[in-house]
Each structure stands twice: as C-alpha cells, then as structure tokens.
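Colleague: I would like the reasoning behind the labels on this model. Can we go through them one by one?

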Amino acid sequence: MNSTTIVKLLRESGALSRQEIGARTGLSSATVNRLTSTLLRDNVIAVAGNEPSTGGRPSMLLRFAGETRLVAALQLLADRAVGVLVDLDGKIVFRRVAPFSNPIPEDAKPDQIEHEQALQVEQLVELAGTLIATAKGMGSPCLAVGVAVPGNVDANGTVARMPEMGWNETPLGRLLRERVALPLVIENDANALAWGELTRGAGRGSAGMVALLIGRGLGAGIISGGELHRGAGARAGEVGYLLTNRAAFSRYFTDHGDLEDRIGSVALTRTARERGIPIPATGWVAAEDVFALSAAGNADAAELEVEIFDMASIAATALVAVLDPDLLVVGSSYGDAERLVAEIHKRLAGRVIRVPRVVAASLREDAVIVGAAELAAAEVHDFAYLSH
C-alpha cells in the first residue's frame, strides 16, 4: 500500500526527491528509502537527475517510469477498429488500424447484421490479441484492455443500440472476456473522451467539465467532482435525445433521439440524398464530410453545415445550463474540432448565464482512445505498478 502511494504521487506530481516524497506522504525517511530502492530495482520508478545544488549535496530526483508498463485500448468506429498500446505516462507506443471487411449497410437484413457483427467482434478480438502479443514482444507487460464504443454500455459490458453499426444489445463484454484473459473495461466513447481530456488533456485540474463528441452520432461525457457521471442507467450525456421543438411530441423515437435524428450520420445521409449532396464511397455522410464539401464551395453543404452548428449548439446550451461546467471540450471522432468550437462559442454567448471555457479536444482524434486506455489503467490502479 505504501509503495502504491509513492508511485501514485510520482505519477501525478512528476519528479520528486525522497525528502519531498516523505513530506507529502507522511512516511518516515527510512520507509521511503527502503521502498524507493525496491521500486528502482523493479524499474517501476527511475532516477530523473538531481535537484539544483544550494551549496550542499544535491538530492536525487525520482520519477514514475510509466514507459515500463502498457495497457491496450481499442476504439470501435462504424467502418474500422483502432487499437493502440499506451504506456502509463499516456504515450502511444504502438498503433494498428483494422478496417472492417464488410461494414454493415443501412438496409441490411437481420441475419446479415448478425453475421457481419460476429465478424466485427472477431476482428476486435484479433486486434486485442495483436496488441497483447506486441506488448509482450516489447518486453512490457500489457496490464489491461480498454474498449470505447459509440453506444451505451451497462455494468456487464453489454452495448445498447448503435444504429450506425446495426448493433443492438450486443454482449460485447462477455464475448471479449471469453477470449481476452486480462482486466477489461468497455465504455461509451463520449465518456472515454471526457476521461481522456480530464487525465491527459485540456481538462486537467477541472472538477466539473463536459465533453461533447460529434461523429456519426452525438453524445456527451460528464465529469463531476473529478469523476465520470454515468447516471442511474449509464445513460447520462445522451444529448441526441434532446427535443428540439414541439413537433417532437408528434412522434416516438426508438433508433435515434430527436436531436440526433437531425445531425447524426443516418440523418445527414438521408438529408444529403434529399438535397443532392454527394455521398462518400462509404455510403454514409458524417459531419466532417459536410464541412469538407462546404469548404469546397458546395452551397447545399454550406446550408447543412449551419444546421449542424445550430443543432450541436442546442446540445451544448442544454449541458451548460443544467451542469454549469467550468470547461466544455468539443471532440470529433474524425479529427480537428476547432471550427465547431468557434461556432458553438458564438451561439452560447447571450443565451446562457455564463459561457464556460470552450476548447477543442487537445488530444485530437486520439482523445477517445487515450481515455479508454486511462480507464483501463485505472482498473488495475492499485496493483499495476508492482506487477512483473
């Protein structure tokens, strides 16, 4: 327990001398000397130089050697899975992308969905196996696996409806645990984004922040008191179900909420067909495709782009009004979100009591997957530092 306390301190605070470690932990100098010597021998911590000399013998600085331990993280997207190895300093040391052989088409039949879903799960298992084997080959043990998915996840790892992928109540946790013999965390991608930015990105030090993720769907991750707020049924942050006007009460929403039925990938694809906007080779239109076409001068795409900004800002306004966060992080599973930040900030001004700081996810397209890695590391937090 005392060893874990020391390592946790060094991981969070950076390099410290033995005297500083003792002062911050309350441990005796003899205990600090004994435990740090063992941790140095086991390569859990490392020497980081010496403090500047003030005339006497300079004190040695010690740091957490996060590069000696790895976790695997996977992000599930509609057309591919991305896998990385991340050390406990948050650095990605290996990356592998596995395109799905047959992305599930919008008009797929139930038996086709079941078949293609099974193939996708198999590709996820293979990717996880590749990551674990790669870590072993690098001489650094893989301690845990984190998986981020674009859907709600219950306590057993069952993933609720993901219309963009054709998945519905998929027992992903059980399917992966049958094949992966390591601690496993499966989390909603917006929650993973929020956690990644809290621990490694723009949200460091924030007690109350919200991360808005815009990709093929729309979701939010909420941080309250430095922890993820998932809600009673792990559905907190499902902003795609916000109602945009009274007309929403004239229908029911099953596959998508009202807001997502306006700017989610399924909705954008439908709208693009209606307005004659070019459809990508994938057969799906995402927000990033609309932005690119607008920048290229397509007038219909420019009009749809404004609608996306408006709808995303409705979600942001609701989150800010209800939660009063000190930070709103905007992320996109397709990369840079700077344009969205500017447009959302402009629409928040004058429409909420206080506009929080609004920034793009500093980890960019890796924000979600780094968050999944950090959640996996937290799963073995108390023991990871001392495992061999």
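Modeller: What follows sets values against cut-offs, and the model is a predicted one.

Colleague: Why does Ala 372 count as buried?

Modeller: Its relative accessibility is 3%. Buried means under 20%. So Ala 372 counts as buried. The residue lies in helix α12.

Colleague: What is Ala 372 in contact with, beyond its sequence neighbours?

Modeller: Leaving aside neighbours within four places in sequence, its contacts are Ala 73, Gly 146, Val 147, Ala 148 and Ala 192. Take Val 147: 225 residues separate it from Ala 372 in sequence, yet the C-alpha atoms are 5.8 Å apart.

Colleague: Which strands does α12 lie across?

Modeller: β4, β5, β6, β7 and β8. Against β4, helix α12 runs at about 135°. Angles of 65 to 115 degrees count as roughly perpendicular and those over 145 as roughly antiparallel, so a value between those ranges is oblique.

Colleague: And how does α6 run relative to β8?

Modeller: Helix α6 (residues 189-200) runs at about 105° to β8 and lies across β7 (142-149) and β8.

Colleague: Why are α1 and α2 called roughly perpendicular?

Modeller: Their axes cross at roughly 110°. The range for that label is 65 to 115 degrees, so the label applies. The axes of α1 (residues 2-13) and α2 (residues 18-25) come within 11 Å.

Colleague: Which residues make that contact?

Modeller: From α1, Thr 5, Ile 6, Leu 9, Leu 10 and Ser 13; from α2, Ile 21, Arg 24 and Thr 25. By class, the contact has four nonpolar, three polar and one charged residues.

Colleague: How do you know that β4 and β5 pair?

Modeller: Pairing needs at least two bridges. Strand β4 (residues 70-76) and β5 have seven, in the antiparallel sense. Opposite Leu 74 stands Gly 83, and opposite Gln 75 stands Val 82. A hairpin of three residues joins β4 to β5.

Colleague: What joins β5 to β6?

Modeller: Seven bridges, with the strands antiparallel. Gly 83 has Arg 96 as its bridge partner in β6. The hairpin between β5 and β6 has four residues, and Gly 90 takes a positive phi near 85° there.

Colleague: What makes β6 and β8 edge strands?

Modeller: The open sheet has five strands, in the order β6-β5-β4-β7-β8, with mixed pairing. β6 and β8 (184-188) each have a single partner strand, so one side of each is left without a neighbour in the sheet. Direction ignored, neighbouring strands are turned by 15° against each other on average.

Colleague: What makes β5 a mostly covered strand?

Modeller: Seven of the eight residues in β5 (residues 80-87) are buried.

Colleague: Which residues have the most contacts inside the largest nonpolar core?

Modeller: Leu 10, Ile 21 and Val 71, in a core of 50 residues. Helix α12 (residues 367-379) gives the most to this core, with nine residues. Apart from it lies another core, of 35 residues, including Ala 287, Met 311, Val 341 and Ala 360.

Colleague: What does Val 71 touch, leaving aside its neighbours within four places in sequence?

Modeller: Its contacts include Val 84, Leu 85, Val 86 and Leu 88. Cys 142, Leu 143 and Ala 144 are also among them, as are Ala 373, Ala 376 and Ala 377.

Technical notes
Residues numbered from 1 in each chain as written. Predicted model: local features only at pLDDT ≥ 70, side-chain atom pairs only at ≥ 80, totals over all residues. Heavy atoms only, no water. Core = buried A, V, L, I, M, F, W, Y, C linked by side-chain atoms within 4.5 Å. Buried < 20%, exposed > 50% of the residue type's maximum accessible area, 1.4 Å probe, protein only. Helix = DSSP H or I, 4+ residues; strand = E, 2+ residues; numbered from the N terminus. Contact = heavy atoms within 4.5 Å. Axes fitted to C-alpha atoms, helices over the stretch in contact; angles between N-to-C directions. Nonpolar A, V, L, I, M, F, W, Y, C, P; charged D, E, K, R; others polar.
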